Amino acid sequence: MMAQLTSSERQNIIAIGLAILIGGFTLAILGRNDILGIHALLFVAAGGLAIIVGARNLYKPEPSEDRSQSYYDDPSKVGIFLALIWGIFGMFIGDWIAWLMAFPDMTFSEGWSSFGRLRPSHTTGVIFGFGGNALIATSFHVVQRTSRARLPSQVLPWFVLWGYNLFCLLGVTGYFMGITQSREYAEPEWYADIWLVIVWVSYFGLYIWTLARRKEPHIYVSNWYYMAFILVVAVLHIVNNLAVPLSWGSAKSYSLFSGVQDAMTQWWYGHNAVAFFLTAGFLGMMYYYLPKRAQRPIYSYRMSIISFWGITFFYMWAGSHHLHYTALPHWVQNLGMSFSVMLLVPSWASAGNALMTLNGAWHRVRDDAVLRFMMVAAIFYGLSTFEGSFMAIRPVNSLSHYTDWTVGHVHSGALGWVAMIVFGSFYALVPWLWKRKSMYSARLIEVHFWLALAGTVVYVFALWNAGIIQGLMWRTYNDGGTLAYSFMESVDAMRPYYVARGIGGLLFLTGTILCLYNVWMTTRMATETDTESVDQSVATLQPAE
Amino acid sequence: MSVGERDNHSGHMTTGHEWNGIKELNTRVPRIVWACLIGSVIISVIMWVIWPTWPIWNTFTPGILKTDERAQLVQEIQQVAGKRSDIDQQIQAITYDGLIEKPELLSQVRSDAHLLFQDNCAACHGVQGKGEIGFPNLTDSAWLWERDEDVIMETLKVGINDQHPDTRTAEMLAFGREGMLERQAIKDVIAYVLKSGETPIDGKMDYGNAENGSLVFEENCASCHGEDAKGDTDIGAPNLIDNVWIYGGDTSSLFQTIWNGRKGHMPSWEGRLSETERKILTLYVMDLESANKGKSK
């Protein structure tokens, strides 16, 4: 990994490590009377690690000059492993708390293992750890290929990747210690948030810089989506996390917003995190790996344009549908609802564009589980965006809100769409990156596909049932005008569905473990000597047609 | 410059660009997509016209239907309240004996009370009202305070050992901890109580001297629990010989009770439940015991 770095780049790594070390140390001293003092030691450890790695390799031989003639893929390779490891961690915690819902005693008596701390560890682990690393890894790969330009720096990608993982680690370790802002999907406290801003702006800069050096006249659709993802997530993250720390030595901060404005800011963030983190980024992924794997041209460039601008424009307005029937003014709710309805068509156009691209390649979909992962992802993308628009309609929301239907909806998107497109892309990408003829085991991919599909279907169906039953129980009145069911009875009625959810999650988690094993074994296979036969593996910068 | 080429499968032209082997067709956006897009925009515009949606400086467009969520809610609450007022009046006026004569009202009380009980009482008294260690069973025939509608109403209103100014108070003193009774005396009185009652001593026939215990009882316990150990519902002192135990009838639980004392807490419901709701619960609690009796017969 370090062999490609020049000695001045190795020095830069030491300098960055030193800066993180000093920053972390300062924070640890300032926070010595607070839990912050302990947490800041993570920065110290990360900085120290960077210094050690840089120093140990400082006097290694210089890389060869012709490296600039090829793409820089080492960060993508590491990112794939990080994504899968985070995925297994996050899904394990997720399945644990799924079982905990059915059997409330299935945990330890210590604070760290309470539901309230495990749940954000699950969401951070899967969304940011698994999804985020997958996005970073694939975006580095895609932007180089579609721009025919090597990443302009060899230090910055590492900074982005490891810095981002430090943020995820700060988040999860913080939750276990009880550090949280209590903002859904934005739980990490102010110092972790500031750190992510630094990392994310670097990511943005690196991406723009690579695009600016492109040798293609046009910017490919994938890069529109990846850019939208990086840019908007930066805006969302900064605005929603505006907060005042209790002091520079305290882990606790208070949001700049209060009351209903606070709720609205949070759900503007929350909904657009779904839109730009979990949708736009992964659409970028889909737009590259699906046509590559199917060996078909994109069905319609014009549809790409409509969906891209439709999604980016409409999503921004829709966040208020998370606050239907709350203290949020009625007009804000209605506005959010109407934009959620308009959002459906651009979303379906994206899903349709992907599926129509498979026209002429359906025989490959039949035979190739990798392509099938991508096809199923597009279908679940269509299903969950329809469901999302539907649930945003106020009367529907009055039934679905606060029930497990919401959780089912999120997982039809997260498992069916996000995770499936990641698996499909990884299975396509890994042999190209490591220059192997194919994945270690096609049969394991097939097993993984069916485990993932079965897991998703079981999960989603269980929670559809659970949610609708809950919603109906909560709104059934008897003749005298009082509720027919107590809350306790609605909880009791959930048990079979919660057990089914736990089983679905277990199937999905098992598939992910198989994926990591398969990827690991692939990297240990012998390198394909005849690289020319791997038509997708274009390791050198080839001229345009 | 890029030149489009024909895709043999679809017959459409490509845009002429290529990225790392990926091409794009220049297919027109299907009519259905345009139709749906325009349709969804029209639906939205209709929403904007009829409902409050857009902000204008410091107010918002009211919409031609002038829907007001708050007014709707007030209206709905009034509707339900109107429906309830008749039933509530009937419930306020009725006694339990009168209620069982009116099956329709009885079933209404049962279904209302079911929810009230689950949401407010079940956490301590259990979903079926059968109690827990430390929380009385409401379905049996043992009552700390009298089984009487007015008495139950009062307990629900003021609570027991609560912060309500008129709360009921009842406390079992910590005879051991406070040095009023020696260990052996406590064991003796336990032996006496268990022997007098129907509770079998858990395998320890030599636990204490019941004869000595009878003297201890007379001096220390009888003032509250009565000479006959049958308790006193005026002061909430439990009957000790009915084989019903709130904190457990085994020797170690009893020892705990006498050594450390007990002081249960029932919250006052005056601030949380309306008088009618408390009446409903009172009737329900009476009904629970009756229903239970019916079953055991």
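On the surface of this predicted model, B:Glu154, B:Asp166, B:Glu270 and B:Glu275 come together in a patch of negative charge. One member, B:Glu270, sits in the loop that links α9 (251–260) to α10 (275–296) of chain B. With a relative accessible area of 36%, B:Glu270 is partly exposed, because that value falls between the 20% limit for buried and the 50% limit for exposed.

Let's step back to the chain that carries this patch. Chain B has ten helices and four strands, and its elements follow the order β-β-α-β-β-α-α-α-α-α-α-α-α-α from the N terminus. Its radius of gyration is 35 Å, well over the 19 Å that the globule rule gives for 297 residues, so chain B is more spread out than a compact globule. Along the principal axes, the C-alpha atoms of chain B fill a box of roughly 115 × 55 × 45 Å. Of the 297 residues in chain B, 40% are buried.

Now for two backbone details worth a look. Most residues other than glycine have a negative phi. A:Tyr185 has a positive one, and so does B:Trp57.

| Residue | Phi | Loop | Relative accessible area |
|---|---|---|---|
| A:Tyr185 | near 65° | between α6 (156–177) and α7 (190–212) of chain A | 14% |
| B:Trp57 | near 45° | between β3 (55–56) and β4 (59–60) of chain B | 86% |

Which of these loop residues is buried, and which is exposed? A:Tyr185 is buried, because its 14% relative accessible area is under the 20% limit. B:Trp57 counts as exposed, because its 86% relative accessibility is over 50%.

Key
Residues numbered from 1 in each chain as written. Chains lettered and ligands numbered in written order. Predicted model: local features only at pLDDT ≥ 70, side-chain atom pairs only at ≥ 80, totals over all residues. Heavy atoms only, no water. Patch = residues over 30% accessible without salt bridge, like charges linked within 9 Å, V, L, I, M, F, W, Y side chains within 5 Å. Areas by Shrake-Rupley, 256 points an atom, 1.4 Å probe, with all protein chains shown as cover. Salt bridge = Lys/Arg side-chain N within 4 Å of Asp/Glu carboxyl O. Lys, Arg positive; Asp, Glu negative; His and termini not counted. Charge placed at Lys NZ, Arg CZ, Asp CG, Glu CD. Helix = DSSP H or I, 4+ residues; strand = E, 2+ residues; numbered from the N terminus. Buried < 20%, exposed > 50% of the residue type's maximum accessible area, 1.4 Å probe, protein only. Rg over C-alpha atoms; globule rule 2.2 N^0.38 Å.
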